[in-house]
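New page in the notebook. I'm opening this one up to see how the chain is put together and how far to trust it.

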Amino acid sequence: MNLFFLQVIIDSAKIKDSLARVAQLATQQKESLWDILMKGGPLMIPLAILLVIAFFVFFERYIAIKKASKLDDNFMSIIRDHIINGNIQAARSLTKNTYTAVGRMIDKGIQRVGKPIEAIERSMENVGKLELYKMEKNLSILSVIGYIGPLFGFLGTIVGMFQLFYTLAATNDYTLSTIAGGIYVKMISSASGLIIGIIAYLGYRFLNSQVDKATNRMEAASADFIDILQEPTR
């Protein structure tokens, strides 16, 4: 009989412990994303700054690149008509009112009309390089964030693990729940850094593809302009 009551007491204690764990898990599930991120430690602050910089650079560069590479489909056709008709001033007026990389490059070519083709090509090429430099400005920031973001996150985890093991040594609380809970908290910074690095890298690759498209558009416009100059005027 005593063994029976002892078993009942043990079973009751196990049930109570299980209910306490369920209540604890329910409490953790109710935590907001902000609360979870705040558990990542002090290195979550520079990670947040990196994320803000990455978003700012991405949208600023995206708008600048789209603005510089935007071009009317009929632009080169109108330039061709003006050049063939000998109306150089009208062609220059059109390029000056076209605030794009292609427009500025063609405008430089029109300014050199009458000079050798090689000189015109060289002048347009120099303007094209300058326009590409403007579009690629600050893109390296995204590349750097994509590289150092995971490193910051990993550093935060290392610092957190040091703190965890120091606490364990000081309190002698080596239970599995304490260790697992501490590791879970410290892994937040690693996950955050990795996510930020992926976002920055994808943004960098996307903007590079947009610059490549703009480069191809500029090369095509330059070739068309040279062909126009070699056509007979009316």
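I read along the sequence first and got the pattern α-α-α-α-α-α-α-α-α. That comes to nine helices and zero strands; I take both as DSSP runs, helices being H or I with at least four residues and strands E with at least two, numbered from the N terminus.

A note on the ground rules: this is a predicted model, where local features need pLDDT of at least 70 and side-chain atom pairs count only at pLDDT 80 or more, while totals for chains, interfaces and linings use all residues. Residues are numbered from 1 along each chain as its sequence is written, and side-chain values use heavy atoms, with hydrogens and water left out.

Next I checked confidence, as pLDDT (the predictor's confidence in each residue, from 0 to 100). The chain's mean is 77, and 69% of its residues reach 70 or more. Helix α3 (residues 44-69) has the highest mean among the elements, 90, and helix α1 (residues 2-29) the lowest, 46. Over residues 1-16 the pLDDT is below 50, and I found zero contacts for this stretch beyond near neighbours in sequence. Contact here means heavy atoms within 4.5 Å.

Then I looked up contacts between residues at least 6 apart in sequence: 78% of them join residues at least 24 apart.

Of the 234 residues, 31% are buried (under 20% relative accessible area, 1.4 Å probe, protein chains only; exposed is over 50%, partly exposed in between).

Last, I picked S222. Is S222 buried or exposed? S222 counts as buried because its relative accessibility is 17%. I located S222 in helix α9 (residues 176-229). Leaving aside neighbours within four places in sequence, S222 is in contact with M105 and M124.
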